[in-house]
Amino acid sequence: MNKVEICGVNTSKLPVLTSKEMRKLFVELQSGDLEARKKLANGNLRLVLSVIQRFNNRGEYVDDLFQVGCIGLMKAIDNFDLGQNVKFSTYAVPMIIGEIRRYLRDNNPVRVSRSLKDIAYKVLQVRDEMANRFGREPSITEIAQELDIGREEIIFALEAIQEPVSLFEPIYHDGGDPIFVMDQIKDDKSLDDRWLEGIAIKEAINKLNQREQLILDLRFYRGKTQMEVADEIGISQAQVSRLEKAALGHLKKYIQ
C-alpha cells in the first residue's frame, strides 16, 4: 500500500482542487464540458487513494482497488448535485467505498448464489425500514414475518454474504507484535494430549506381532472389512475377527 505509482498515476503528485475550482468545474460539466469532468476526476484521485487504505488487509492488488475506486469516483462526479449543501468529498467517499465493496463481494472466492444474495439484501433493506419504523433493531422473527420467509432461510442468507476473514487479519495491536485471528483459534487436532496419545498407540502397535499389526493396519488404517482382510491374508473371517479382538486387547494393555 506504499506504492507511489498506481495504474500509471504518480500518487505523490496528485493535484488538489480548491472549493472554488471544484464549483467552477461542476458548472462547466453541467454545461456539457467533458474536459471539466476529466479535471474533476484527476483533482479528486486523492479521495480514491485515501479510501483504498481501508482495504489494505484484503490481499487485493492495489492497482485493482484503485481502478474500481475510480469508477466510484466517476459515478459520484456524474451524479453530484451542486444544489445540495453537501461537500463533494462527503458525497463521493461512500460511493467509492460502495463500489469497492461490490467488487470485493462479486470477486469473493466463496461463491454465493444470486438468489441467496437477493434474499440477504432484501432482508437488510427491510431491517433498516423496520428499525426506522419501530425505533429499535427488529428481530429475525419479525423480519421473517414481514417478508414471509423462514427464519432459517434469512439466517443462512445473511451468513452467506459475510466476507471471509483472513487468518492473518490483525485483531489487536498495542504497539508491539500484533495478534492475528489465527492466534485466537483453537486446533483440537493438535493438542498435546492427542499428540502423546498418538505416540503411545504407535509404541503399543510396535509391540504386537506382525500378523496382529497387519490386521489392525488393514482394518483401521486402510478401512477394509474383515472379509476383505481374510481374503487378502488367506484365512477365514472368523479367524480375522478372533485375531483382531486379541490384538485390540493387547493394544489396550500396552497403552495402560
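In the residue classes used here, Ala, Val, Leu, Ile, Met, Phe, Trp, Tyr, Cys and Pro count as nonpolar, Asp, Glu, Lys and Arg as charged, and the others, Gly among them, as polar. Keep that split in mind while we walk through this structure, which is a predicted model.

Let's start with empty space. Rolling a probe the size of a water molecule over the atoms shows where such space is left. Here the largest pocket holds about 440 Å³. It is lined by 20 residues, and S19, M22, K87, F88 and S89 are the closest to its centre. Sorted by class, that lining comes out as 10 nonpolar, 7 polar and 3 charged residues. Where do the lining residues of the largest pocket come from? Helices α1 (19-30), α3 (45-52) and α5 (88-106) each put in at least two, and α1 gives the most, with 4 residues.

Stay with α5 for a moment, since Y103 lies in this helix. Setting aside neighbours within four places in sequence, Y103 is in contact with E60, D64, L65 and V68. Take L65 from that group: along the chain, L65 and Y103 are 38 residues apart, yet their C-alpha atoms are separated by 8.4 Å.

Now jump along the chain to α10, which has two helix partners to look at. Two packed helices are described by the angle between their axes and the distance between the axes. For α10 (residues 210-221) and α11 (residues 226-233), the angle is about 135° and the axes are 10 Å apart. An angle like that is neither under 35 degrees, nor over 145, nor in the 65 to 115 range, so α10 counts as oblique to α11. Their crossing is right-handed. On the α10 side, the contact is made by L214, I215, L218 and R219, and α11 answers with Q226, V229, E232 and I233. That contact has 5 nonpolar, 1 polar and 2 charged residues.

The other partner is α12 (residues 237-255). Its axis comes within 9 Å of the α10 axis, and the two cross at roughly 100°. That angle makes α10 roughly perpendicular to α12. Which residues meet here? From α10 come R211, E212, I215, L216, R219 and F220, while α12 brings V240, L243, E244, A246, A247, L248, H250 and L251. Split by class, this contact has 9 nonpolar, 1 polar and 4 charged residues. If you go back and forth between the two lists, you'll spot I215 and R219 of α10 in the contact with α11 and again in the contact with α12.

How values were computed. Residues are numbered from 1 along each chain as its sequence is written. This is a predicted model: local features need pLDDT of at least 70, side-chain atom pairs count only at pLDDT 80 or more; totals for chains, interfaces and linings use all residues. Side-chain values use heavy atoms; hydrogens and water are left out. On a 1 Å grid over the protein atoms alone, a cavity is a set of points where a 1.4 Å probe fits but cannot get out, and a pocket is an open set with protein on both sides within 12 Å along at least five of seven lines; lining residues have an atom within 4 Å of a point. Grid points are joined across faces, edges and corners, and a volume is the space filled by probe spheres set on the points. Axes are lines fitted to C-alpha atoms, for helices over the stretch in contact, and angles run from 0 to 180 degrees between N-to-C directions. A crossing is left-handed if the near helix is turned anticlockwise from the far one by less than a right angle, and right-handed if clockwise. Contact means heavy atoms within 4.5 Å.
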